[in-house]
Amino acid sequence: MTTLASGTDTLTRDALTVLQPGFTGTTAPDWLLRRLGEGLASVGLFGRNIASPGQLAALTAQLRAERDDVLVAIDEEGGDVTRLEVRSGSSFPGNHALGAVDDVELTHQVAHELGRRLASCGVNLNWAPSADVNSDPRNPVIGVRSFGADTELAARHTAAYVSGLQSAGVAACTKHFPGHGDTAVDSHHALPRIDVSADVLAERELAPFRAAIAAGTRAVMSAHILVPALDPDRPATLSRRILTGLLRDELGYDGLIVTDGMEMRAIAGTYGIERGSVLAIAAGADAICVGGGLADDATVLRLRDALVAAVRAGELAEERLAEAADRVRALARWAGAAGSQAESTHGTEIGLHAARRALTVTAAPGLGSPGTFEPLTEPPYVAALTPVANIAVGDETPWGVAAELIHLLPGTVTGSFSAGDVGPENEAGENAGRAALQAAGPRRIVAVVRDEHRHPWMASALDALLAARPDTIVVEMGVPQAAPRGALHIATHGAARVCGRAAAEVITGVPGL
């Protein structure tokens, strides 16, 4: 084990140990290495830290040269939320696609292969899977990150994902407890509220977490949501009733509890990150995630000092902080013992295989079954009707079918249209449709949408396209709540690169589907 710097007292070391900060750059800054020597035990990685698998492996080796038992965490859900492949799109479909297939062995295989790739790069804690039941179709932040709206389906696939990921030596962090699916507000921007009874929560939201605990999940992430039936005063991340009373005492969970990002407005905008961090540890959390937006030494020192001051002022029990730090170290020991460099047992193409199986293809009346659809042989025009990306997904990761169609049908032309680019909101859809028609000219149109049901302008744009060009092919890459329409409608159940590839194979008739 690493020898910590002398002169760092136990209280200060424990305060550093419970932090999971991020940083900027593709190499570790000096301040981060210094804090690892003083007691910091975890580091969080984001897309900004990753350029290639080789670079990532070098970065994690640099961290372990300073502290050999460091927990290296990442937000790698696959599908729409990827950090390993932030610049190209994921090689794995996300949870909603896996739920659409509903083959728990396939989910286990996908999670194992994703975990194997993480482990090979030196990552040993993954802030995944999302166990949220997507019961509100308006949900702006979960959506395809959920296995689906059916509780039992979400539960069995959450368990399969946890066991698959951890079989590769990477700790799973099941999120967002006690369930973020029944919200229409993004906690990155405000505090969501779930107004259902405790009985509904127990039967619906908690079932996937029970399954994850039974499967041995090594970590659970709290949600920044207010659930009055459980605690009318404080969001889950800061609620002792929820983290200790419910998760620990009632559900019997004894692993690491990690907070969601403390810089998110649901916490930072009301409590501030320092006060919020103290309250979270007091409530029963063991690790403070911070660094998606705040990623510097000053933030780490502010949080460290806030925790130390709270203990000295009697606002936070020293034993509670020590217990939290011990759980972080226990997970580090598990990760060190479970570390895996296993060979792929399911094939590196398992992600594409899963994406192909996840497709739902619907042909318009009169065109026969999808198998008799006449594939495109001439390069089409791809009109991407683009919503604003939520922060969890980010706007730097490419999505759609354009790149795959360009590969399969060279000469394919593309255009992107969003509500803010095409005039007033009440005219955005019609304007986007007209603009796409003009840009397409005589080419066949492939319209790509994402959660059409949540964006009235997008539905209006499709209305305009289909009225003028009924032979338009529609690809839905979000949650397919809107009725299928178009000459051919392909629901991919996610926007990962492999989902786009699978859709492009159908459109072009490439063998292999």
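Visitor: Which residues line the largest cavity?
Guide: This is a predicted model: local features need pLDDT of at least 70, side-chain atom pairs count only at pLDDT 80 or more, and totals for chains, interfaces and linings use all residues. Numbering runs from 1 along each chain as its sequence is written, and side-chain values use heavy atoms, with hydrogens and water left out. A cavity is a set of points on a 1 Å grid over the protein atoms alone where a 1.4 Å probe fits but cannot get out, and lining residues have an atom within 4 Å of a point. Here the lining is Glu-77, Gly-78, Gly-79, Asp-80, Val-81, Gly-94, Asn-95, Val-144 and Arg-145.

Visitor: How much space lies in the largest cavity?
Guide: Searching the whole structure turns up one cavity of 30 Å³ or more. Volume here is the space filled by probe spheres set on the grid points, which are joined across faces, edges and corners. For the largest cavity, that comes to about 40 Å³.

Visitor: Is the aromatic pair of Phe-177 and Phe-209 stacked or edge-to-face?
Guide: The structure holds three aromatic pairs (ring centres within 6.5 Å, for Phe, Tyr and the six-membered ring of Trp). Planes under 30 degrees apart count as stacked, over 60 as edge-to-face and the rest as tilted. The centres of Phe-177 and Phe-209 are 5.1 Å apart and their planes meet at 90°, so this pair is edge-to-face.

Visitor: Where in the chain do Phe-177 and Phe-209 sit, and how many residues apart are they?
Guide: Helices (H or I, at least four residues) and strands (E, at least two) are DSSP runs, numbered from the N terminus. Phe-177 is in strand E5 (residues 171-177) and Phe-209 in helix H8 (residues 206-214). The pair links distant parts of the chain, with a separation of 32 residues.

Visitor: Is Phe-177 buried or exposed?
Guide: Buried means under 20% relative accessible area, exposed over 50%, and partly exposed in between (1.4 Å probe, protein chains only). Its partner Phe-209, at 1%, is buried. Phe-177 has 0% relative accessibility, so Phe-177 counts as buried.

Visitor: Which residue does a cis peptide bond join to Ala-128?
Guide: One cis bond is in strand E5, home of His-176: it runs from Lys-175 to His-176, with omega near 0°. The partner of Ala-128 lies in the loop between strand E4 (125-126) and helix H6 (151-166). With omega about 10°, the cis bond from Ala-128 leads to Pro-129.

Visitor: What is the phi of His-493?
Guide: His-493 is found in the loop between strand E14 (488-491) and helix H18 (497-508), and counts as buried because its relative accessibility is 8%. Asp-451, in the loop between strand E12 (445-449) and helix H17 (456-468), has a positive phi of about 60° although it is not a glycine. His-493 isn't a glycine either, yet its phi is positive, at about 65°.

Visitor: Which side chain does a polar contact join to that of Asp-463?
Guide: Asp-463 sits in helix H17 and is partly exposed because its relative accessibility is 43%. A polar contact is a pair of N or O atoms within 3.5 Å; within protein, one must be able to donate a hydrogen and the other to accept it, and residues adjacent in sequence count only if both atoms are side-chain atoms. At 2.5 Å, the partner of Asp-463 is Arg-485.

Terms used
1 Å grid on protein atoms, 1.4 Å probe; cavity = no way out; pocket = protein on both sides within 12 Å on 5 of 7 lines; lining within 4 Å.
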